[in-house]
Amino acid sequence: MLDLDMSPYGLFVWGAWGISALALLALVVRSAVASRRWKRDLERLEAAGE
């Protein structure tokens with residue numbers, strides 16, 4: 001079955017997984033925020049051009 005016992009390396013491995021997951025989550029959030037800002041700016045520019 002699934003053996004997750006990593007004995008002396010468990011803290012390092014799970015810590016690395018956690019840091020990687022947090023970094024990916026931060027990138028997703030940052031991209032979503034930037035996308036909303038760019039969309040809002042585009043709508044404002046399109047409205048000003050009419």
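**Helix, surface and charges**

Mentor: V13 sits in helix α1, a helix being a DSSP run of H or I with at least four residues. This is a predicted model, where local features need pLDDT of at least 70 and side-chain atom pairs 80 or more, while totals for chains, interfaces and linings use all residues. Residues count from 1 along each chain as its sequence is written, and side-chain values use heavy atoms, leaving out hydrogens and water.

Trainee: Why is V13 called partly exposed?

Mentor: Its relative accessible area is 23%. Buried means under 20%, exposed over 50%, and partly exposed lies in between (1.4 Å probe, protein chains only), so 23% lands in the middle class.

Trainee: And what makes R40 exposed?

Mentor: R40, also in helix α1 (residues 10-49), has 53% relative accessible area, so R40 passes the cut-off for exposed.

Trainee: How do you know that the protein is more spread out than a compact globule?

Mentor: Start with the secondary structure: one helix and zero strands, a strand being an E run of at least two residues. The radius of gyration, taken over C-alpha atoms, is 21 Å, and the globule rule (2.2 Å times the number of residues to the power 0.38) gives 10 Å for 50 residues, so the protein is more spread out than a compact globule. The C-alpha trace spans about 65 × 20 × 5 Å along its principal axes. V13 and E43, 30 residues apart in sequence, are 45 Å apart in space, C-alpha to C-alpha.

Trainee: How much of the protein counts as buried?

Mentor: Just 4% of the 50 residues.
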